[in-house]
Amino acid sequence: MAYRSSVDIHTEWDIVAARQLGRNEAKKVGFGTVDQARITTAISELARNIYLYAGAGKIEIERLNEGGLFGIAIIASDEGPGIPDVRKVMEDGYSTSGGLGAGMPGVKRLMDDFRVDTERGKGTKITAIKWLR
Amino acid sequence: MPQQTENEYKEILRQYLEDQSEQNLYMGEAFSRKLIERDISPEEVISIHKSALKDVLPGLPSKVWHSFDFLIEMMIRYGLALKEHQSLVKRQEEMQLEMEVAAKVQETLLKTKIPAVEGMDVGYVTVPSRIMSGDYIYFVGNDKDEAGVAVADVMGKGIPAALCMSMVKFGMDSVRHSAEGPSGVLSVINRIVEKSVNDSMFVTMMYGLYDAKNSTFSYASAGHEPALHYRASENRFVELDAKGLLLGVSQDARYEEGAIVLERGDFVAIMTDGVTEARTPEGFVEKETILEIISSVKDRPAQEMAEHVFAELDRMQGFRLQDDFSLVILKKE
């Protein structure tokens, strides 16, 4: 059974709490400083998207162990408006030019696996995984 | 590999901390190139620096080591910005390549053959200002005693103009030129353009038909730049214009038709506004200047004339065309 913990996102300060949780878990898994910084940046980005676009949601962190392969999963979920055009959001230059920071392509680059499930009017769930090498 | 990179870095750093010479710095610069080649991100460089320093200068206060972790945090987004930049550059290269292929396709599509007509010397130049052209020259003829020429200018440049033009081309291919005559041809093309092009796109076109049996040149214009008729007997230019709306504006636009008789040594020059609105740093090139340039080569073959006018105007514009340039010369021998 994988270990999972979560932080609810309502205010900007909750982003800090989510980062803290992610960093602690990343350390436990054994990630080095650079990867810890990458994982927390990805959490920041996902948590900020929840805060800005959905208003509320949660960040869950799960430590993974798949047959001796260790890793960490960030699961960001909300019941916001959903992403109308995922393809566009995943394009380089789309969110950065609008001043939104690294955007979804950034999160994808910081992590190893990346998955978006979104439904208009229902919400969005983004799962991002990084494996320990 | 990472271990090797770390060892190399440590060595260069150690030497620099000892000598602080320019040579050490130069080695550092060369090494940074290697780091880029090995796709090592800015945050990793800080991390390499931190661990190298731990070996070279152990015993530094712990706050110094914490400061490197802080710096790593600072660098994550720079690393992302770099990656995004690299991917955008790659995408731009792909698009550039695609554009070049499209330009080749356009070139083939717009290929036209000068018709051979008794007593008529024809020459032309058409040069796009960008990779794709919004100008179009189309010849048609029976290789005996009749030749038609169309010069069109799609408002706008680049890909949208090029797409619009391929439609004009297929329209031209389907018209019965000799039976319709200049105003008839424009009416047909107008209906095609009006039907299939969006409202913000307009095309101007001058269409001329030369009949060698009576040396008549008849013409019609859809809001196009007036053509020039050089009368050798009077040594002067007369503008050829005919009333008519731009193509694609209204389904039932009508096109006036004019006709002249060409004498020996006369020529007609049909052009786009890339010729008449040539711009130099000092402003537009005067119409008189353009007429002088054409006049100065009036005794040369039509092709040479067109090429000379282009070369002159290109030179005056500092070899950077502001607009697509097209010029057709029809010269009565």
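This tour moves through chain A and then chain B of a predicted model, naming at each stop what to select.

**Chain A as a whole**

Begin by selecting chain A and colouring it by secondary structure. The display should show five helices and five strands. Read from the N terminus, these elements follow the order β-α-α-β-β-α-α-α-β-β. The radius of gyration of chain A is 14 Å, close to the 14 Å that the globule rule gives for 133 residues, so chain A is as compact as a globular protein of that length. Along the principal axes, its C-alpha atoms fill a box of roughly 40 × 25 × 25 Å. Of the 133 residues, 47% count as buried. If a surface is drawn, about 6800 Å² of chain A is exposed, and carbon and sulfur atoms supply 49% of that area.

**Strand β3 of chain A**

Next, select residues 69–78 of chain A, which form strand β3. Eight of these 10 residues are buried, so the strand is largely enclosed by the rest of the structure. Here, buried means under 20% relative accessible area.

Add residues 57–66 of chain A, strand β2, which pairs with β3(A) in the antiparallel sense over 10 bridges. Within this pairing, A:Arg63 has A:Ile72 of β3(A) as its bridge partner. The two strands form a hairpin with two residues between them, and A:Gly67 in the turn has a positive phi of about 55°.

Now add residues 123–131 of chain A, strand β5. Eight bridges join β5(A) to β3(A), and the two strands run antiparallel. Select A:Gly71 to find A:Trp131 of β5(A) opposite.

**The domains of chain B**

Turn to chain B and colour residues 2–102 as domain 1 and residues 112–332 as domain 2. The C-alpha centres of these two domains lie 59 Å apart.

**The sheet of chain B**

Which strands of chain B make up the open sheet of five strands? The order is β2-β3-β4-β5-β8, with antiparallel pairing. Strands β2 (135–141) and β8 (257–261) stand at the edges, each with a single partner strand, so one side of each is left without a neighbour in the sheet. Neighbouring strands are turned by 15° against each other on average, direction ignored.

Select residues 203–211 and 216–222 of chain B to see β4(B) and β5(B), which run antiparallel and are joined by seven bridges. B:Tyr210 has B:Phe217 in β5(B) as its bridge partner.

**Helices on the sheet**

Finally, show residues 158–174 of chain B, helix α5, which lies across β2, β3 and β4 of chain B at about 10° to β2(B). Helix α6 (residues 177–196) of chain B also packs on the sheet, touching β2, β3, β4, β5 and β8 of chain B. The direction of α6(B) makes about 170° with that of β4(B).

Methods: Residues numbered from 1 in each chain as written. Chains lettered and ligands numbered in written order. Predicted model: local features only at pLDDT ≥ 70, side-chain atom pairs only at ≥ 80, totals over all residues. Heavy atoms only, no water. Buried < 20%, exposed > 50% of the residue type's maximum accessible area, 1.4 Å probe, protein only. Helix = DSSP H or I, 4+ residues; strand = E, 2+ residues; numbered from the N terminus. Pairing = 2+ DSSP bridges. Domains from an automatic or database assignment. Axes fitted to C-alpha atoms, helices over the stretch in contact; angles between N-to-C directions. Contact = heavy atoms within 4.5 Å. Rg over C-alpha atoms; globule rule 2.2 N^0.38 Å. Areas by Shrake-Rupley, 256 points an atom, 1.4 Å probe, with all protein chains shown as cover.
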